[in-house]
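Reader: I am new to protein structures and would like to learn how the words used for them are justified. Could you show me the one we will talk about?

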Amino acid sequence: MIPESFIQELLARVDIVDVVGRYVQLRKGGANLLGLCPFHTEKSPSFTVSPTKQFYHCFGCGAHGSAIHFLTEHTGAPFPEAVRTLAASVGMTVPEEPRSPRQRAAERERREEGSRQRDVLQQAQAHYRAALKQAPQAIAYLKKRGLSGEIAARYGLGWASADRRGLASVFEHYEDPALIESGLVIEAEDGRRHDRFRARVMFPILNTRGQLIGFGGRLIEAGEPKYLNSPETSLFSKGHELYGLYEARAGIRSEGCVLVVEGYMDVVALAQYGLNNAVATLGTSTTSNHLQKLCRASDRIIFSFDGDGAGRKAAWRALQACLPWVAEDISMRFLFLPEGQDPDSYVRAYGVQALRACLGEALPLSRFMLEELGGRHDLREAEGRAACVHEARPLFAQMPEGGFRLQVEREFAQQVRLTPEELSQMLASGPATIAAQPPGQARRSDGPMHAGAAGDAAEEWQAAAASTQEPPWLAAGFGQAGAPEGRSSAGGRRRTRAAQSRTVTPLARRLLRLLLAHPALVDELGDQQLELLAHHPHLHMVRELIGLASVCGGRHAGALLEAADPDSDLAAAIRDLSTEILTQELPDPQAEWRDALRNIELQAVQEQCDRLIEAGLSDETQRRRYQDLSRRLARLKAPAG
C-alpha cells in the first residue's frame with residue numbers, strides 16, 4: 001500500500017498544469033487554463049485546469065479529478081503506476097507500507113474472487129451467444145422485433161435454453177461457488193442447484209469500461225418476470241449501471257444527447273434504426289448514481305416514458321432524482337409517447353425521423369415539474385395555491401442554488417400568485433434541505449487503501465467533537481430533536497455509508513465551498529468554533545471535510561478530492577462543489593469564514609431564546625438564562641468593528 005501521507009506530499013509538489021500539459025494543449029483563460037477535452041470529442045474548449053485548486057474539470061463530459069486521476073483515466077495506468085510516474089517526475093521515491101499477512105491474504109482473495117466472477121461470466125456469455133445460433137425460436141423472435149444479426153452481434157445477444165442445468169455443460173464443476181457469486185446459478189434450501197436464466201434472450205451488461213458484469217434476460221413467451229437481471233454481486237449493482245451506456249458512447253456524441261428508455265429491447269431496437277444514443281435503467285427507478293453517469297455522458301438528457309398514468313409516475317420519480325443535478329449548462333427533458341407506445345414500437349410504426357422530431361419537442365424539466373404541480377391542486381383557490389407551495393418546497397430545496405433554480409422559482413411564483421420575494425421567503429421558512437450528490441465511482445481495484453483510513457480518522461474527529469461538553473448557551477436543546485449526524489456507535493461508519501443522502505443546507509454548502517477553496521482555514525479553528533460545528537444538526541458533511549483535511553493535510557481541492565473515500569457522499573460533494581469554486585477568489589476568506597460561523601451561533605442562540613419563551617420563562621433560572629442569551633444575541637447582531 002502507498003501511504004496516504006506520501007500521496008498528499010506528492011500532490012503538494014506536483015503541478016497539475018505540467019501533468020495535463022504533457023497531453024493537452026492549454027491556453028490561459030482568466031485564472032485557469034483551457035483546452036480541448038481529451039476524454040471526449042469537442043471543437044470548442046470546455047476542459048478547465050485550475051492551478052490554484054489543482055484539479056481539472058470538463059464542462060462537456062464531466063471528467064474531473066486530481067493529477068493522479070488524470071493519469072489513470074487518460075493513460076489507463078493503474079493507480080500505483082500513476083503515482084510512481086508522478087513521483088519520478090519530481091524526484092520522489094514511493095514508499096510501501098508494510099502489510100500484515102492477513103491484509104495481503106484478504107486483498108489477494110478479493111482480487112481472485114473478482115477474477116473468478118469475470119471468468120465465469122465470460123464463459124457463460126460465449127455459451128449463450130453460441131446457443132442463440134442454434135435456437136430458431138429465439139431467432140424468430142428477434143427477427144419479429146426487427147433486429148438484424150448485425151445488431152444482435154454488436155450487443156452480444158445470446159440465448160439461455162429452458163434446461164434447468166444448461167450451464168452444467170459449460171462448467172465442469174457446476175458446484176463451483178463462483179457460479180452462485182456471479183449470479184448465474186441459484187442454490188435451493190435443499191442444496192440443489194439450477195440456472196438462474198432459462199428460456200430467455202440474454203443481454204450482456206457492460207460497465208463504463210466495457211467489462212462484462214452481469215446479464216439481463218427476457219422471456220419470449222408469456223410468463224413472469226418478463227425481464228430478469230443478475231442479482232447484486234461484487235461486480236454488478238443495478239442501481240449503479242445503465243444498459244447500453246458503453247455501446248452508446250459514440251452515438252451520444254453524434255446525436256448530442258442521451259436518451260433514457262425503460263428496457264433493453266428499446267435500446268437495441270433503436271440502434272437497429274440508427275438511433276445509437278439510447279440507454280436503459282435495469283428494472284429500477286432512476287437513481288442519483290444513474291444521474292451521475294448520465295451527466296458525465298452528455299449535457300442533454302431526455303427521459304422517455306409512456307404517456308399513461310404509470311409512465312407519468314415513473315417520470316415524476318425520475319424528475320425528483322434529477323433535481324440535485326440541475327444546472328444552467330445541463331438540459332433535462334421528458335418525452336411522453338402516446339399511450340400504448342414505447343420507443344421501439346413508435347420507431348417501427350413511424351420511423352426514426354418521427355422519433356427524432358418528438359425528441360426535439362420533449363418537455364423541459366422545469367415545465368414538466370410546474371405543470372405536474374399545478375395539475376395536482378386547484379390554483380383558483382387560496383387553499384390550493386398554498387398546498388401547491390407546500391408540495392413544491394422540498395422539490396426546490398433539492399435544487400442547487402443558481403440561475404436555473406432562480407428562473408424556476410420566478411415562474412412558479414407567477415403560477416401561485418406570489419411575488420418572487422414572497423415565494424423565496426416561504427421556501428426559506430420551511431425545512432429547506434438539499435440532498436447531497438451520490439457517491440462517485442469507486443477507485444479502481446488496484447489503487448491504494450489510504451482513502452478508507454482517512455475516512456475512519458475523519459469520523460473519529462467527528463465523534464470527539466460531538467462528545468465535547470455543550471457550551472452553556474446550548475444546554476437546553478439546539479438540535480436536540482435528534483442526535484447530530486455523525487454520533488454513532490461502533491457500527492457508525494457502516495451506517496453512514498448506507499445513508500442515501502445527506503442534509504446539505506445552503507449554509508452547509510457555503511462552508512463546504514469555503515473549506516474546499518481554502519483548506520488552510522482548518523488550521524485556524526478554535527475550540528468554540530469546533531463546538532459550534534459539532535452540535536449543529538445539519539453540518540455533518542462540513543465536519544467530515546474538516547476531519548479529512550486535518551488528517552490528510554491536503555491544502556488544495558485536488559488533494560482533498562484524492563484523499564476522500566470515493567464511495568462517500570463527501571467525495572461526491574467535493575466533486576460537485578469544486579466546479580463552483582473554479583473561478584471563486586475571495587479577497588478575505590477568513591472574514592467570510594468568521595461571518596458564516598457567526599451566523600451559525602446567531603441561529604443557535606435565537607433558537608434557544610425562542611424555546612425559553614415557548615416554555616413561558618416560568619422560573620428565575622430560565623429568566624436569567626434568557627437575559628444572558630439576549631445580551632449575547634445583541635452582541636452577535638451588532639455590526640462588526
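Reader: What makes the contact between the side chains of Glu-620 and Arg-624 a salt bridge?

Author: Good place to start! A salt bridge is a side-chain nitrogen of Lys or Arg within 4 Å of a carboxyl oxygen of Asp or Glu. Here the N to O distance is 3.8 Å, so the pair fits that rule. This is a predicted model, in which local features need pLDDT of at least 70, side-chain atom pairs count only at pLDDT 80 or more, and totals for chains, interfaces and linings use all residues. Residues are numbered from 1 along each chain as its sequence is written, and side-chain values use heavy atoms, leaving out hydrogens and water.

Reader: Why is Glu-620 called partly exposed?

Author: Its relative accessible area is 42%. Buried means under 20%, exposed over 50%, and partly exposed in between (1.4 Å probe, protein chains only), so Glu-620 is partly exposed. Arg-624, at 44%, is partly exposed too.

Reader: How do you know that α16 and α18 are roughly perpendicular?

Author: The axes of helix α16 (residues 382-398) and helix α18 (residues 420-429) cross at roughly 75 degrees. Angles under 35 degrees count as roughly parallel, over 145 as roughly antiparallel, 65 to 115 as roughly perpendicular and the rest as oblique. Therefore α16 and α18 are roughly perpendicular to each other.

Key:
Axes are lines fitted to C-alpha atoms, for helices over the stretch in contact, and angles run from 0 to 180 degrees between N-to-C directions. Helices (H or I, at least four residues) and strands (E, at least two) are DSSP runs, numbered from the N terminus.
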